[in-house]
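Colleague: Before we begin, may I ask you to justify the terms used for this model one at a time?
Modeller: Certainly; please put your questions in turn.

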Amino acid sequence: MDSVAAHVTSLDSVALVEVMDFPCSTRGQTEIRDRIKEKSLGRFVVAGCSPKTHERTFMRVAASSGLNRFMFEIANIREQCAFVHARSEATEKAKVLVEAATSKCRLLSPAPYELVPVSSKKALVVGGGLSAVVAASCVSSQGFGVILVDQQRILDENAVMTNRLGVPAEYFKETLRGLRSDPLVRKLSGSEVIDFQGHPGDFRALIRTLDGEEDIRCGAAILALDATPIPSEGKDEGLRVINQTEFGRLLSSRTDYPERIVMIIPKDSSGGTFGRSDHLDAITNAMRLKVLLPSAEVTIIGSDVRAYGMCELDYRKAQECGIRFVRCKGEVDIQHEGGPRVLVTDASSEIPLSLPADLIVLADVLKLQDAERLAKIFKIPVDASGLLIRSQIRLEPESTLREGVFLCGGASGPRLVSEELLEASTAASQAVSLLSSPFIEVGGTVAEVDPEKCSVCLCCIRICPYTAPFINEDGKAEIDIQTCQGCGICVGVCPSKAIQMYGCTDAQLDAQSSASIRGGGR
Amino acid sequence: MTDRTRIVGYCCSYGGYSAADLAGVMRIRYSSDVMVIRVPCAGRIDVLHILKAFRHGADAVFVAGCLEKNCHYEYGNFEAKKRVEHARRILSSIGIETGRVEMFNVASNQGWRFPAIVREMVSRVEKLGPSPLRKVVE
């Protein structure tokens, strides 16, 4: 350590070098603070642990020492040096790492930083289905206002209930009842969002209601879009082919149940995007029929059965109560002449089967309502199959690239009802944690345009994942620091080199690479 | 100017840099010739940063971003890939082997992969020898 310290002392513009045991401890922090004040230092370098774990600690130290909270640099001489190299090599490398950090630190400039108040404490929930209802009730139960917007009649039991299989009816009815009388929830039926602007904590949504357009302020937004089954065409033509949702409805509305049923589970339907509950729908409905009409013959055809988790138990029960499962090979054909029948080849015996059926039940084909239009308005990217993209599945589930806008329901792909319920409450709690914080931190390592150099080529506007750059009144690109997430993609792409970002300018990177290569005095 | 091999690794904070940290926590040894420079996203890297590292005397340069389709900033790693390709074309036009520049995609939990990347780059430099630009730099 002493030889590293000696090397650093010899570097340009280094005023003070101190060897400390634990700069991150309370004592260490106080010591740094005292030295900064004593010697009126303008910036500092910490040689120690990874910035990934200790950056925030030293930000606080800088801020409480009267410096801008970004005026320091960390040289990672622990995880990326002492832990992985032999002793003498590590010492030599540490010298270079500290020198590189010092040469970058020399070029740091105070980064913008402000606390923006969360001025609107309401959440906008778009959608009228299961997940919208759950999300709205979760938000309001924590004391925050909700504006519920849907094109249909909101809180219409029938519209929501018949949406999907496997909705826990009692729980759901109760939630609906609660929402109807909830003074915190404003319901806008037959309405749609036509514009959405602003920042997390202070969004402005323009909503077309039945009585005209209305400007609404909200702090967060939840897109609770529901995928609804497309009605099967077979019914109208008098053919006996329907989908699982229609079959489920038939089971609860009629008493003359069909005797022979063949259900077909598609191989990954439409590229695997909308087939998540196909298997469970088939098993659930088959079991319901078996309970109502024990003599019914039910065959489920599929290339495999994916009844995961606890649903495996249902799968076993279904087998035990006499439902036949046929693992098929190749195509499944439906023949209508002389009574409907299904032609299929059994995979294990390779014997072709011809199964007569009173009713053929296909999997639901789900479609997201209005997703693409809303994605455009809320500026959320969609993937190739038209689903909205979530940003951080692991760290911030249900969040989108637009901060303060959350997704649930089928917005980003097919879900089981149980998953939808979970996601709706997750989205709600994320929205609530935003609404409940008094301020949002803004700024830091953000990008900034030099209007003198900007040639208005629009490269940054096209490339930014967060739509942070815009053309300002002077006709130059400008980056909204409230939206900027500090990735620096625009900095790299700008052909005029008009964009720089705090804490990672071209000059800083250059100084760092120069010192990394030539440094260490060897 | 040192005659040691110098490899510069521009590592994105969420992929490459985190993997390097994890390699440290796992105590996997690797060559100390590699110098990591942390960037918020691989997409921050410009062709210039790669070229300038060679001008400073680097023997090889790599960029380590998040796994494809798993970039913390959505598609920064794809941008980086394009720029690395661009830098390779420029370098090859002045007679520098393209093998000295590479783009890697690493996840933060792939601690073992970072030392593997370093080994790969070190063995490439062993094969190719010091960068021809070093003489010019000196």
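Modeller: Of the 138 residues of chain B, 57% count as buried. This is a predicted model, in which local features need pLDDT of at least 70 and side-chain atom pairs count only at pLDDT 80 or more, while totals for chains, interfaces and linings use all residues. Residues are numbered from 1 along each chain as its sequence is written, and chains are lettered from A and ligands numbered from 1 in the order in which they are written.

Colleague: What makes a residue buried or exposed?

Modeller: A residue is buried if 20 or more other C-beta atoms, placed from the backbone, lie within 10 Å of its own; it is exposed if 12 or fewer do, and partly exposed in between. In α4(B), R113(B), F114(B), P115(B), I117(B), V118(B), M121(B) and V125(B) are the residues that meet the buried criterion.

Colleague: How do you know which elements chain B has?

Modeller: Helices are DSSP runs of H or I with at least four residues, and strands are runs of E with at least two, numbered from the N terminus. By that rule chain B has five helices and four strands, in the order β-α-β-α-β-α-β-α-α from the N terminus on.

Colleague: Why does the radius of gyration of chain B agree with a compact globule?

Modeller: The radius is taken over C-alpha atoms, and the globule rule is 2.2 Å times the number of residues to the power 0.38. For 138 residues the rule gives a value near 14 Å, and chain B has 14 Å, so the two agree.

Colleague: Why is the span of helix α4 of chain B said to agree with expectation?

Modeller: The expected span is 1.5 Å times one less than the number of residues. The 16 residues of α4, 113–128, should therefore span 22 Å, and the end C-alpha atoms are 23 Å apart, which agrees. After this helix comes G129(B), with a positive phi near 85 degrees.

Colleague: Against which elements do the buried residues of α4(B) pack?

Modeller: Two residues are in contact if their C-beta atoms, placed from the backbone, lie within 7 Å. The buried residues of α4(B) pack against β1 (7–12), α1 (16–25), β2 (34–39), β3 (60–65) and β4 (101–105) of chain B.

Colleague: How many residues of each chain are in contact with the other chain?

Modeller: There are 36 residues of chain A in contact with 41 residues of chain B. On the chain A side, α16(A) gives the largest share, nine residues.
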